[in-house]
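Reader: I should like to learn how to read the features of a helical model in an orderly way. Could we proceed by question and reply, taking the general idea and then the case at hand?

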Amino acid sequence: GDEAAANAVLVRHVAGEPNNMTALIDLSQSLADQGDWKRAAALLDHVIALGGGHDPQVLALRLDAARALNRPDEVRQFSALLALVRSPALTKQ
């Protein structure tokens with residue numbers, strides 16, 4: 001129930017394991033919930049660079065960050081990536 005304590009734990013976790021995608025995504029979501037879109041975007045870019053760019057939730061959150069930061073080029077980029085990842089051709093079996 002203590003959001004500040006939870007964020008402190010996440011920050012320490014990310015500092016100790018800077019390539020832990022789960023911790024990075026969780027911290028990104030927390031920052032986004034607080035309206036800290038610039039830091040959330042930076043963390044999400046790191047997640048994507050680590051190979052997390054195929055995750056629709058990561059791309060959707062990064063798209064939200066681009067919109068919140070008023071970066072139209074990034075909005076187009078992440079909209080296109082999200083559409084590709086959500087493509088029915090990729091999800092049919």
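Reader: Which residue with a positive phi follows α3?

Author: The model is a predicted one. In it, G51 comes after α3, and the phi of G51 is positive, near 115°.

Reader: Which residue has a positive phi although it is not a glycine?

Author: That residue is N70, with a positive phi of about 55°. N70 is placed in the loop between α4 and α5 (72–85). Its relative accessibility of 66% makes N70 an exposed residue, since the exposed class begins over 50%.

Reader: Let us turn to the helices. How does the span of α1 agree with the number of its residues?

Author: One compares an expected span with the distance between the end C-alpha atoms. At 1.5 Å a residue, the 14 residues of α1 should span 20 Å, and the end C-alpha atoms of α1 are 20 Å apart, so the two agree.

Reader: Which residues of α1 are buried, and where do they lie around the axis?

Author: N7, L10 and V14 are the buried residues in α1. These residues cover an arc of only 60° around the axis, and therefore sit on the same side of α1. They pack against α2. The other side of α1 carries R12, A15 and G16, which are exposed.

Reader: What does the same reading give for α3?

Author: Its 13 residues should span 18 Å at 1.5 Å a residue, and the end C-alpha atoms of α3 are indeed 18 Å apart. Buried in α3 are A40, A41, L43, L44 and V47. Viewed down the axis of α3, the buried residues fall within an arc of 165°, so they line one face of the helix. The cover over these buried residues includes α2 and α4. K38 and A49, on the other side of α3, are exposed.

Reader: How should one read the largest nonpolar core, and which of its residues touch the most other members?

Author: The general idea is that in soluble globular proteins, nonpolar side chains tend to be buried together. Here the largest nonpolar core has 13 residues, and those touching the most other members are V14, L24, L27, L31 and L43. Two or more residues come from each of α1 (3–16), α2 (21–33), α3 (37–49) and α4 (56–68). The largest share, 5 residues, is given by α2.

Reader: Which residues does L24 touch, beyond those up to four places away in sequence?

Author: With those left out, L24 touches V14, P18, N19, L43, H46, V47 and L50. Another core, of 7 residues, lies apart from the largest one; A60, L63, A66 and L82 are among its members.

Reader: Now to charged residues. How many salt bridges does the structure hold?

Author: As a general matter, side chains of opposite charge can pair when their charged atoms come close. This structure holds 6 salt bridges. In one of them D36 pairs with R39, with the closest N and O atoms 3.3 Å apart. D36 is partly exposed at a relative accessible area of 24%, and R39 is likewise partly exposed, at 46%.

Reader: Which residue forms a salt bridge with D45, and is that partner buried or exposed?

Author: The partner is R62, and the closest N and O atoms of the pair are 2.7 Å apart. The pair links distant parts of the chain, D45 in helix α3 and R62 in helix α4, 17 residues apart. R62 is buried, with a relative accessible area of 1%, whereas D45 is partly exposed at 33%. Leaving aside neighbours within four places in sequence, the contacts of D45 are R62 and F78.

Reader: Where do R76 and D73 lie, and what joins their side chains?

Author: Both R76 and D73 are in helix α5, 3 residues apart, about one turn of the helix. A salt bridge joins their side chains, at 2.3 Å from N to O. R76 and D73 are both exposed.

Reader: Which residues are joined into one network by salt bridges that share partners?

Author: That network consists of D45, R62, R71 and E74.

Conventions
Residues numbered from 1 in each chain as written. Predicted model: local features only at pLDDT ≥ 70, side-chain atom pairs only at ≥ 80, totals over all residues. Heavy atoms only, no water. Core = buried A, V, L, I, M, F, W, Y, C linked by side-chain atoms within 4.5 Å. Buried < 20%, exposed > 50% of the residue type's maximum accessible area, 1.4 Å probe, protein only. Helix = DSSP H or I, 4+ residues; strand = E, 2+ residues; numbered from the N terminus. Contact = heavy atoms within 4.5 Å. Expected span 1.5 Å × (residues − 1). Arc of directions from axis to C-beta. Salt bridge = Lys/Arg side-chain N within 4 Å of Asp/Glu carboxyl O.
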